[in-house]
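Got the model open in your viewer? Keep the selection tool handy, and we'll walk through it stop by stop.

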Amino acid sequence: MLKPIAGRVAVVTGGSRGIGRGIARTLARNGVKVLIAARGEETARGVVDEIRSAGGTAEMVVADVSVPDDADRIANAAVEHFGGIDILCSNAGVFPPKKLRDLTAAEIDEVFNINLRGTMLVVKACLPALEKSGHGRVILTSSITGPVTGYPGWSHYGASKAGQLGFMRTAAMEVAAAGITVNAVLPGNIKTEGLGDMGPDYERSMAAAVPLKRLGTVDDVANVVLFLASDEAAYVTGVAIVVDGGQILPESLEAIDA
Ligand code: NAP
């Protein structure tokens, strides 16, 4: 059993849906006060209500992580509502598929700006509060796509997700003296609203490619985030934890059933 982290404060970007919502609910269930940041007000409000109905503490801020002023507003909102930040889950991300041949510069920019630049902006904005925490935790939601695997249509996405890990390694060194750790989770295929947009055929083929024979749940990812947020993970920094049901293991589809 992990030492309780009840009473700590977490910022969860992209906490209004999917993996971020799972992280927010899991942290809140463990007594963490959660600030949810997303662009859409209604969905974010829904998660705040859900957490409060379950007895947890949550607030929200409407913000776009790719906008520097918004990144600052996210950090300020957490400090105003809860007095500080102990845990930052930089999870907001987009994955619109498009083959390299057809990608426009604007489409590349959008994915980089949200997934990579947005991560850097929010981490930077939250740093002063994380430094005051004494046990600051930064947990990035990267992906297996990019850092470990490739998938046609996601060259820009994969580059942004691999970029997050490059950022993580130097950031982890820069903030270590303040007792802050910076780590990443690399989800495989997790059942979320965003993944649902890829269609049922995609979901079926992905589930078949997973040795554990199912898509991941948001709780599968959130449980690893909870560990990385804990005191027990204080000596873990600069690492990427794959949460994919073994999807990156097989050398061929046949190998799964061999
Ligand atoms: P999702 O269901 O589409 O949810 C994305 C969340 O991010 C929403 O809350 C969305 O809210 C928010 N968001 C998107 N752009 C934003 C922006 N510019 N500023 C603030 N918030 C923004 O996606 P998901 O599947 O949960 O994915 C979440 C993260 O996990 C992403 O970083 C993704 O790359 C990563 N991931 C997912 C999978 C998977 O299988 N699902 C696998 C590997 C990695 P608004 O649209 O209202 O802003």
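Start by selecting Tyr157 and the ligand: an N or O atom in the Tyr157 side chain sits 2.6 Å from an oxygen atom of the ligand. Keep in mind that this is a predicted model.

Now add Lys161, where a polar side-chain atom is 2.8 Å from an oxygen atom of the ligand. Then pick Val65 and look at its backbone: an N or O atom there lies 3.0 Å from a nitrogen atom of the ligand.

Which residues come nearest to the ligand? Select Ser16, Arg17, Tyr157, Ile190 and Thr192, which come nearest out of the 30 residues around the ligand.

**Next stop: H4 and H5**

Stay with Tyr157 and Lys161, since both also turn up on the H5 side of a helix contact. Select helix H4, residues 105-133, and helix H5, residues 155-175; their axes come within 9 Å and cross at roughly 20 degrees. That angle makes H4 roughly parallel to H5. The crossing is right-handed.

To see the contact itself, show side chains on H4, including Ile108, Phe112, Leu116 and Met120, and on H5, including His156, Ala159, Gln164 and Phe167. Colour the H4-H5 contact by class and you get eleven nonpolar, six polar and two charged residues.

**Other face to try: H3 and H4**

Keep H4 on screen and add helix H3, residues 68-82. At what angle do H3 and H4 pack? About 35 degrees, with the axes 9 Å apart. This crossing is right-handed too.

On H3, select Pro68, Ala71, Asp72, Ile74, Ala75 and Val79; they meet Arg117, Leu121, Val122, Ala125, Cys126 and Ala129 on H4. The classes here come to ten nonpolar, no polar and two charged residues.

**Last stop: H1 and H2**

Hide those helices and bring up helix H1, residues 18-29, with helix H2, residues 41-53. Their axes are 10 Å apart, and the packing angle is about 25 degrees, so H1 and H2 are roughly parallel to each other. Look along the pair and you'll find a right-handed crossing.

Which H1 residues meet H2? Select Arg21, Ala24, Arg25 and Ala28 in H1, then Val47, Glu50 and Ile51 across from them in H2. That contact splits into four nonpolar, no polar and three charged residues.

Terms used. Residues numbered from 1 in each chain as written. Predicted model: local features only at pLDDT ≥ 70, side-chain atom pairs only at ≥ 80, totals over all residues. Heavy atoms only, no water. Axes fitted to C-alpha atoms, helices over the stretch in contact; angles between N-to-C directions. Helix = DSSP H or I, 4+ residues; strand = E, 2+ residues; numbered from the N terminus. Parallel < 35°, antiparallel > 145°, perpendicular 65-115°, else oblique. Left-handed = near helix turned anticlockwise from the far one by under 90°. Contact = heavy atoms within 4.5 Å. Nonpolar A, V, L, I, M, F, W, Y, C, P; charged D, E, K, R; others polar. Near = heavy atom within 4 Å. Polar contact = N/O pair within 3.5 Å; in protein donor to acceptor, adjacent residues only side chain to side chain.
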